[in-house]
Structure formats: structure tokens, C-alpha cells
Amino acid sequence: MAKRNRDITIKKIQKWIKEGRGQGEGSHYKPWLTIQDVPSEGLATRIKGWTSNRYHHLMSNLERDYFYLLDFSDSVTDIREQYPLLPLDDTLIVAEKLGVKHPTDPKTGEPIVMTTDFLISINNLNIARCIKPEDGLENDRIIEKLEIERRFWKERSIDWAIVTENEIPENIVRNISWFHREYDNEDVFNLGYTLTGNLEQLMLKYLQSEEPINQAAALCDNSLGLEPGTALAFFRYMLARKYWLVDMTELISPHFPIKSLQIVSTMKRSLA
């Protein structure tokens, strides 16, 4: 039975490799694990990335929050989640040297392919990051598995570190999550050059006169005869595209005026 289970495991690994899992870069990368493969108690999500122009499979709220920071960063050039530690024999050898049990399939008891939450490209440098809640680091078994992962990357001279909720700034993440999905809002382009320019000028006028964001957007919609919510989506789009910059450490609330708005580029210039 053990040999049969091992054969099944090897065939599954070969099948996933043939499918391209854990391979490729940018929009062509396929994660080793998808949200369909792992039970996550409803915390898993798929998010379209700006950096990669593909959907990312994130297994927890903490992974999602860290992903927002990576995707917003100007220095990050690629984000590969659920990255496999292959070949399997390498992590098996590390586990044996450590004298700890290698992660196994709970059904078959056979070793499974371990993954790192994120392999991140910053310019021409790759770094690996494991995302874990701080209280999880008190679990001895978790620490054993993390040590296997750490040594795997050390042997490849790749910087590896653990990220907890303490390293993830809440206000910045909440701000990014508020406007992230508007990055590819095609309705903005469909407004047309003239209407977009009028909307931008009017929105800036109200924002700079310290109108609350929601109120400024509603005034724009009414003045230009736009569908309610159009101007607010436009505002989010401008932040997502970084045409307009704000202090990201301050929580953006639609019910209050925006602070320290900086104009980097105009929509009209981008459409020209």
C-alpha cells in the first residue's frame, strides 16, 4: 500500500509540473496550489494583480493583505505565490538532517511538496517570504516546517524571512484594498477624452475646497449628469494608477476630506 501511495504522489507531482504549476513568470506564472486545492475556511481569495496582470491565489487574509503591499510597491516586478520547493527530495533531505518529520498528505501519509507563500522579484533580486500570524510561531510543529523552508532557500542563497501581522501596516492595506479593484476600470476610458477632463477638473476643485470625498463625487455626478458612483470610482482609479497621490499612512475615509492630495499626472495626459 505504501508503494502504491508513493506512486500516486509522484504521478500527481509530475502531472502538476506538466500543467505548468510552479513555473513561469509574470502573467504566465501558475501557482503550485490554487484556492480550489486547499481548504481555507472561507478565507481564500483570488485577486487580479497590477504587477503580474493575472489572478493571484491567496490562502488567508494575512496573505491577501501582504499581497496588497507588494502589488502597490513600485520596486516589486513580479509576485509568485504558493511557490513549490522542488525537487521534493531536497526538502526530504533537509527534514532528515534536522531530524523532523516532513509534511505529509493526511490521507496517504506520503510526503507532499512544500510551498513558500511568496517568491518576490525586486528588480533583478528574488526574495522569499512566509506569511504567518504571530501566535502561530508558538507552535513547535509550525517552527519545524518553517526551518525546512528556511534551509531550502538558504541553500539557494535566497533571502527568506517570516512576515507577521506586525509588519503589515493596517492603514496602508485598508487604503489599497479600497481602491485596488478600480485599476482596470474600463468605464473610465469609456467616458471619453472631453468628459474625463471635465470630471477630473471638477473633482479636483471640490476636493481642494475640502469637500468630503463622497460629497465631492456626488456633486460631480450631478453636475455632469453621470450615473451615481461614477466620480467616486474615478477617484479610486486615479489613486490606483498613482496619477494622484495621498498620504497612505492616513486612513482614507469617503466621509471626510482628502488630505495632502498630490497631482502626479492627469487622466487627459494619459489618454492623449
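Here is a friendly exchange about charges, burial and contacts in a predicted model.

Me: To set the scene, what makes up the chain?
Reply: Happy to start there. The chain has 10 helices and 8 strands, and its C-alpha atoms fill a box of roughly 75 × 35 × 35 Å along the principal axes. Of its 272 residues, 46% count as buried. The chain exposes about 14800 Å², with carbon and sulfur atoms supplying 49% of that area.

Me: Why is the pair R64 and D65 called a salt bridge?
Reply: A salt bridge needs a side-chain nitrogen of Lys or Arg within 4 Å of a carboxyl oxygen of Asp or Glu. The side chains of R64 and D65 meet at 3.0 Å, N to O, so the pair fits that cut-off.

Me: Are those two partners buried or partly exposed?
Reply: One of each. Buried means under 20% relative accessible area, exposed means over 50%, and partly exposed lies in between. R64 counts as partly exposed because its relative accessibility is 27%, while D65, at 17%, counts as buried.

Me: How do you know that D74 forms a salt bridge with K242?
Reply: The closest N and O atoms of D74 and K242 are 2.6 Å apart, and the limit is 4 Å, so the pair qualifies. D74 lies in the loop between α2 (61-72) and β3 (76-84), and K242 in the loop between α9 (230-240) and β7 (244-245), so the pair ties together parts that are 168 residues apart in sequence.

Me: Why is D74 called exposed, and why is K242 called buried?
Reply: D74 has 69% relative accessibility, so it counts as exposed against the cut-off of over 50%. K242 has a relative accessible area of 18%, so it counts as buried under the 20% limit.

Me: What makes R80 and D78 a salt bridge, and why are both called buried?
Reply: Their closest N and O atoms are 3.6 Å apart, which is within the 4 Å limit and therefore makes a salt bridge. R80 is buried because its relative accessible area is 7%, and D78 counts as buried because its value is 6%.

Me: How many salt bridges does a search of the whole structure find?
Reply: The search finds 18. Salt bridges also link K15, E19, R21 and D37 in a network.

Me: Which residues gather in a patch of negative charge on the surface?
Reply: The patch holds E134, D135, E138, E165 and E167. One of these, E167, lies in the loop between β6 (159-163) and α5 (170-179).

Me: What makes E167 fit the exposure cut-off for a patch, and why is it called partly exposed?
Reply: Patch residues need over 30% relative accessible area, and E167 has 45%, so it meets that cut-off. The value of 45% lies between 20% and 50%, so E167 counts as partly exposed.

Me: Why is T77 called partly exposed, and which residues does T77 touch?
Reply: T77 lies in strand β3. Its relative accessible area is 42%, so it sits between the 20% and 50% cut-offs and counts as partly exposed. Leaving aside residues up to four places away in sequence, T77 touches T51, S121, I122 and N123.

Me: How far apart are T77 and T196 in space?
Reply: They are 30 Å apart, C-alpha to C-alpha, and 119 residues apart in sequence.

Methods. Residues are numbered from 1 along each chain as its sequence is written. This is a predicted model: local features need pLDDT of at least 70, side-chain atom pairs count only at pLDDT 80 or more; totals for chains, interfaces and linings use all residues. Side-chain values use heavy atoms; hydrogens and water are left out. Patches are made of residues with over 30% relative accessible area and no salt bridge: like charges are joined within 9 Å, nonpolar side chains (Val, Leu, Ile, Met, Phe, Trp, Tyr) within 5 Å. Accessible areas come from the Shrake-Rupley method with a 1.4 Å probe; for residues, only the protein chains shown count as cover. Lys and Arg count as positive and Asp and Glu as negative; His and the chain ends are not counted. The place of a charge is taken as NZ of Lys, CZ of Arg, CG of Asp or CD of Glu. Helices (H or I, at least four residues) and strands (E, at least two) are DSSP runs, numbered from the N terminus. Buried means under 20% relative accessible area, exposed over 50%, partly exposed in between (1.4 Å probe, protein chains only). Contact means heavy atoms within 4.5 Å.
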